[in-house]
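Trainee: Before we accept any labels, could we go through the reasoning behind them, setting each value against its cut-off?

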Amino acid sequence: KRTILVTGSAGGIGGAAAAQLRADGLHVVGLDLREAEVTANLADPAERDGLVDRILVASGGSLDAVIACAGVASADTSAMVAVNYFGTVALLDALRPILARSNAPRAVVVTSSATILPISPPLVAACLAGDETQARELASMEPGLVYASTKRALSRWVRRTSAHHEWADAGVLLNGVAPGTVRTAMTAPLLSSAEGRSLLAEATPIATADYASPEDIAPLLAFLASPQCRYLVGQVLFADGGKDVIRRGDDI
Ligand code: NAI
């Protein structure tokens, strides 16, 4: 039976992914701030140390895949930097050697379609350079660009890292998913106001039907975490109702 770690398992997209995998008969280890097999705060660098051991205790000693969903969009710019980028990357880096022992190891990162929105280049650079202190400082200066910047950095990290020999050569296939607007606790405040809805509507010109539900994203995450995903490396798949097509057009 495959064992999958899902971060952000108590929330919308991670919760739906965990539920689907459990329904499919897989062993899911959830990690979240609460209501999870492993309760941990990925924003806290001190808590990140020792997390692998705690995860292995909960998983029974092995891990076949990780689906990294935990993330925040809030007024707390430090938290966005710490969870969306550093917590996610630190955990995946630490778990890679464990994953490599599986016969079909997979890692899936949830970025965002916001990855293609305007960013702060210095903040993205600080993230990719691994400088969390500087990244937190830069983030406080341009709060409006922080969410997209953390997700851009994460998407780039996926592309840069996936081809490293420790990942692709070792059979650990790393890919990302960039959802558009999904109805979860994260987006509820925005979707409940006309102003917030118009902000999102402007950013997703083709998504006229409705926003996605977490269950629309979960099957894609489950596939990327499965042995059936055999020929994808470093892709960031936009599940966004067409936002990426409209914005980037021919740029492929
Ligand atoms: P959510 O708020 O429903 O769930 C996020 C989960 O992550 C929560 O259970 C929360 O407790 C957990 N989490 C937050 N901070 C944490 C920390 N420091 N340590 C451990 N766990 C922590 O949000 P949602 O919408 O399900 O988001 C999941 C992922 O999808 C996030 O990375 C988000 O940025 C991304 N995303 C969401 C979109 C949306 O429209 N909802 C669109 C694109 C990306």
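Trainee: What makes β5 and β6 count as paired strands?

Mentor: In this predicted model, five bridges join β5 (residues 106-110) to β6, the two running parallel, and since a pairing requires at least two bridges, the criterion is met. One of these contacts sets V109 against G176 in β6. Strand β7 (residues 236-239) is also parallel to β6 and is joined to it by four bridges, with P179 opposite A239.

Trainee: Why is β6 described as largely enclosed?

Mentor: Seven of the seven residues in β6 (residues 173-179) are buried, so the rest of the structure largely encloses the strand. Both directions are covered, for L173, N175, V177 and P179 point one way while L174, G176 and A178 point the other, and all are buried.

Trainee: Why is the pair of W157 and W167 called edge-to-face?

Mentor: Let us start with the count, which is two aromatic pairs in the structure. In one of them, Y85 and F86 have a centre-to-centre distance of 4.9 Å and an angle of 80° between the planes, which is edge-to-face. For W157 and W167, the ring centres are 6.0 Å apart, within the 6.5 Å limit, and the planes stand at 90°, over the 60 degrees required, so this pair is edge-to-face.

Trainee: How do you know that W167 is buried?

Mentor: Its relative accessibility is 2%, and buried means under 20%, so W167 qualifies.

Trainee: What makes E35 exposed?

Mentor: The relative accessible area of E35 is 65%, and exposed means over 50%, so the label follows.

Notes:
Residues are numbered from 1 along each chain as its sequence is written. This is a predicted model: local features need pLDDT of at least 70, side-chain atom pairs count only at pLDDT 80 or more; totals for chains, interfaces and linings use all residues. Side-chain values use heavy atoms; hydrogens and water are left out. Buried means under 20% relative accessible area, exposed over 50%, partly exposed in between (1.4 Å probe, protein chains only). Rings of Phe, Tyr and Trp (its six-membered ring) pair if their centres lie within 6.5 Å; planes under 30 degrees apart count as stacked, over 60 as edge-to-face and the rest as tilted.
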